[in-house]
Each structure stands twice: as structure tokens, then as C-alpha cells.
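Morning, everyone. I'll take a few minutes on a structure that is new to most of you. Please have a look at it first.

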Amino acid sequence: MVSRKKSFQTLRGMKDILAKDWLYYDWILSNAKKIFEHYGFQRIETPILEKAELFTKGIGKNTDIANKEMYVLKTKENKELLALRPEGTASVVRAYIERGMSNLPQPVKLYHFGPFFRHERPQAGRYRQFYQLGVEMIGDESYAADAEIIVASRLFLENLGFKKKDICLLLNSIGCSECRPTYIKELKKYYRKYNKQICADCRRRIKENPLRVLDCKSEKCSSIKKGAPTALDYLCSECRNHFKSLLELLDYLNIPYILDKTLVRGLDYYTRTVFEFSLGDGTNKIALAGGGRYDKLVEILGGTHKPAAGVAFGIERLIKELVGKGKNFIVPKPNVYLVQIGDLARRQSFKLLEQFRKENIFLGESLGKESLKAQLSTADRLGVNYVLILGQQEVLDGMIILKDMSSGIQELIPLEKIIGEVKKRLKKQKK
Ligand code: HAM
């Protein structure tokens with residue numbers, strides 16, 4: 001009987017990031033560094049595993065993210081519930097409190113880049129493991145902080161190559177703990193009239209997390225949603241002033257935005273300003289980034305009152321758009337390949353390769369292979385322009401063969417001159 005070997009695959013909604021993909025991630029991160037460090041943000045990385053409670057408390061236990069989508073696990077020894085981080089803000093705030101950052105000059109400006117996990121239904125632009133670039137400014141209450149994050153975010157998107165006119169900013173204010181309860185009461189009152197017409201999800205949302213009814217995409221609810229009261233009409237004077245000042249500053253800075261009165265975001269920690277960036281005219285539901293103000297989160301997680309604001313970009317979504325725009329990277333490959341025949345030559349090749357590396361010349365090699373044919377075939381598949389061949393006789397003579405792959409011409413070069421010779425040829429080729 002033939003035994004069938006088991007092979008493994010990545011989990012649904014997760015993927016391997018290969019060399020050609022990393023070029024995009026690295027490039028986006030290097031652009032992020034350039035922009036956000038220029039705006040005074042410093043890098044932080046928090047662990048991927050945290051106590052699950054950090055997120056249920058921080059994001060809100062009735063949010064989809066904490067309630068349905070979190071990967072939760074139990075440790076063997078102490079039966080503690082841990083979670084793979086579904087987002088970065090709660091973790092950064094935990095670090096801010098734990099590391100005593102409230103004693104530093106405020107605001108503390110941090111950015112982070114790494115993988116996040118949400119057990120969502122995989123679909124276009126929605127993965128179960130995805131990367132985010134998060135940017136957080138903690139300890140600043142002013143509308144100017146919101147504006148700074150928005151301005152830097154736009155600049156970052158422009159720097160990645162998105163056209164100014166294509167970048168769409170949706171903006172709303174959802175008030176604070178003073179004014180939001182009155183709004184929620186009115187929203188619930190309004191939806192009670194339509195209890196039988198709305199979808200089952202909205203019936204649940206209105207009980208558990210009323211603001212989220214405004215996020216409903218079902219056709220059934222869309223006309224009802226249109227007539228719903230909006231948070232903007234219920235803002236207290238402080239929240240109204242905050243939002244008005246932000247809009248005025250954005251107008252002054254010529255930053256276009258669309259007021260989206262139904263934008264509420266899926267995390268409970270938001271207060272006042274919420275926003276999303278997408279491409280197009282505002283009807284594109286795939287957000288490249290989302291953010292807002294979270295004035296109470298530091299307190300909720302055990303710190304003192306420190307108002308804050310931030311944003312996070314979805315890296316896979318950015319990459320998809322960049323690829324769509326034709327942004328292309330090529331995985332670096334060697335132009336020169338070293339072939340060795342025999343033990344003596346192999347030993348010498350180790351030394352020679354190190355010398356080339358010190359000179360920053362990337363040589364292809366397969367020191368594990370012995371046959372000349374196999375090595376030449378690899379060199380051929382890599383499409384290199386030059387092959388260096390080192391055999392027993394060449395080592396004894398202190399020479400090496402340099403073969404030009406396009407002309408087929410072979411020359412014997414003294415070993416001590418080979419680096420200079422290769423440098424010369426590569427330079428000529430670049431011209
Ligand atoms: P979020 O809107 O949940 O906000 O996520 C931010 C961005 O991450 C989204 O706009 C999207 O581009 C990307 N994203 C979210 N979920 C997925 C997924 N399943 N697959 C692919 N990409 C995804 C936050 O996470 C907040 N922490 C943002 C923030 C920072 N607010 C204040 N500071």
C-alpha cells in the first residue's frame with residue numbers, strides 16, 4: 001500500500017510573505033520612517049501576544065473585533081487568557097502606561113509596524129493576518145494633533161505615489177462621554193420604530209453596540225440609516241468646538257475632506273474625531289487607513305487622563321493599490337556566478353566569496369554542488385553576465401577563469417586581480 005504523505009498549507013486568510021513581497025513591505029516601512037520620524041514619531045514594537053483583557057477592555061467587549069474576531073488562547077501553567085493582538089493602539093497605550101511614558105514631555109509620539117490577527121471572513125482586502133503601520137500621539141488634547149496626524153498621513157500616501165486628487169479623507173465626530181449618551185438614546189429611539197424592518201445584525205447591534213448600526217451595509221437598512229439622527233447634531237459645545245476648529249484648520253491647510261455622518265469605526269475607544277482614508281470619491285468601502293481620537297483609553301487601561309489620537313494603515317491594502325498602479329520591484333539577483341571544481345577550489349572559493357562580499361559584490365554560488373554542468377546550468381537559469389570558474393589547476397597556478405556569458409569568451413585572470421576585473425566589467429555594463 002502506498003502511504004499518502006500529508007502536506008501542510010497556510011491557514012485560510014493567512015499567507016507567506018516571499019522575497020518579492022518583502023520589497024513592498026520594506027519600501028513602505030522606509031517611507032513611513034522618513035515621513036513619521038520627520039514629524040517626531042519614534043518607533044515602538046509591542047509583543048504579538050498580550051492579555052486578552054487588554055483588548056476586551058480597550059476596544060470594547062461588544063465590538064466585533066474583541067467579541068468575534070480575536071484569536072484567544074489559554075496558557076498551560078496559569079490558565080491565563082491571551083490574545084494575538086487584533087490592533088495596535090491598546091498595546092501601545094499599555095506600553096505608555098507600563099513604561100512610565102506619562103513622565104516624558106507630552107505628547108509622546110510613537111509609530112509601529114507589524115502583524116495583526118483578526119478571525120474575519122476572508123475576502124478582498126481582508127485577511128486573518130495582516131500588517132499595519134500604526135501612528136499614535138498620546139498626551140495631546142488639541143484639534144491640532146488630529147490635524148497633524150491627518151496631514152502626515154496624507155503626505156505618507158502621496159510619498160508612496162498616490163495622487164493628491166485620488167486620496168479621499170472621510171471625517172466625522174462621534175462626541176464624548178458627555179454628549180454621546182444623549183445621541184445613543186435618540187438613535188435607539190429612532191431604530192425602535194423600524195425594529196421589524198432592519199436586519200438581524202442591526203437588531204443585535206442596537207442592543208449591544210448601537211453606533212454600529214450606522215456601519216450596516218445591508219440594502220434593507222440603507223434607507224432607514226439615511227433618516228437616522230447623526231452624532232454631529234448632538235455634540236456638546238466642547239466637542240463641537242473641537243471639530244469646528246479641526247475643519248477650519250484643514251480648510252486653511254487646503255486638505256480636502258468629506259463629512260461622513262455615518263462614519264463610526266469599529267472600535268469603542270474613539271471619542272470626537274474619527275476618520276478614514278481611501279482612494280476615489282468616498283464611495284470606495286476599502287479603507288487604506290482608519291483612525292481617530294481616543295481621549296479615554298489611557299484611563300480605561302489604568303493610567304491618568306491623557307487624551308490621544310492616532311491612525312493605522314493596512315499594508316496589504318496599500319500594496320494591492322501600489323501593484324494596481326504598476327509599482328514594481330525586482331528581487332536583486334547576482335550578475336556574476338562562481339563555479340568551483342574539486343575540494344581545493346571549493347576551499348579557496350569560500351575565501352574568495354568573502355573577499356567579494358567585503359567589496360559589496362553579490363556573487364551567485366552553489367558550493368554544495370560538485371558537477372561543472374549542474375553549476376553552469378544554475379548560472380544559466382539565473383541569467384548572470386559573468387561566470388568565474390575555479391578548478392584545481394587554477395588554484396595551483398593562482399589563476400581563475402572569467403567567462404563572459406554573452407560572447408562566450410573565456411580569459412585567465414590572476415586570482416589577486418579578479419575582484420578589480422569584475423568591478424571594472426560591472427561598472428562598464430552599468431553605463
Ligand atoms: P482599523 O480601522 O481596525 O483601526 O484598522 C486600520 C486599517 O487596517 C484599516 O483601515 C485597514 O486598512 C487595515 N485592516 C484592518 N483589518 C484588516 C484585515 N482583516 N485585513 C487587511 N487589512 C485590515 C485600527 O486598527 C486602529 N488601531 C487604528 C487607530 C490607531 N486608531 C487610533 N490609532
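A helix here is a DSSP run of at least four residues, and helices are numbered from the N terminus. One such run is helix H7, residues 200-208, and Arg205 sits in it. Keep in mind that this is a predicted model.

Let's stay with Arg205. Is it buried or exposed? Arg205 has a relative accessible area of 14%, and buried means under 20%, so it counts as buried. What does it touch, leaving aside residues up to four places away in sequence? The answer is Pro210, Arg212, Val213 and Cys216.

Now the ligand. It is surrounded by 26 residues. Closest are Glu87, Glu120, Tyr127, Glu136 and Tyr270. By class, the shell has 11 nonpolar residues, eight polar and seven charged. Three strands each supply at least two residues of that shell: E6 (129-138), E10 (289-293) and E11 (308-314).

Next, polar backbone atoms. One belongs to Tyr127, at 2.8 Å from a nitrogen atom of the ligand. Another is in Val311, 3.3 Å from a ligand nitrogen. For Leu288, the partner is an oxygen atom of the ligand, at 3.2 Å. How much of the ligand's area does the protein cover? On its own, the ligand has 660 Å² of accessible area, and the protein covers 96% of that.

Last, the domains. The assignment gives domain 1 as 19-165 plus 273-324, and domain 2 as 336-430. Their C-alpha centres lie 48 Å apart.

That's it from me. Over to you.

Note on methods:
Residues are numbered from 1 along each chain as its sequence is written. This is a predicted model: local features need pLDDT of at least 70, side-chain atom pairs count only at pLDDT 80 or more; totals for chains, interfaces and linings use all residues. Side-chain values use heavy atoms; hydrogens and water are left out. A residue is near a molecule or strand if one of its heavy atoms lies within 4 Å of it. A polar contact is a pair of N or O atoms within 3.5 Å; within protein, one must be able to donate a hydrogen and the other to accept it, and residues adjacent in sequence count only if both atoms are side-chain atoms. Accessible areas come from the Shrake-Rupley method with a 1.4 Å probe; for residues, only the protein chains shown count as cover. Ala, Val, Leu, Ile, Met, Phe, Trp, Tyr, Cys and Pro count as nonpolar, Asp, Glu, Lys and Arg as charged, and the others, Gly among them, as polar. Domain bounds come from an automatic or database domain assignment. Buried means under 20% relative accessible area, exposed over 50%, partly exposed in between (1.4 Å probe, protein chains only). Contact means heavy atoms within 4.5 Å.
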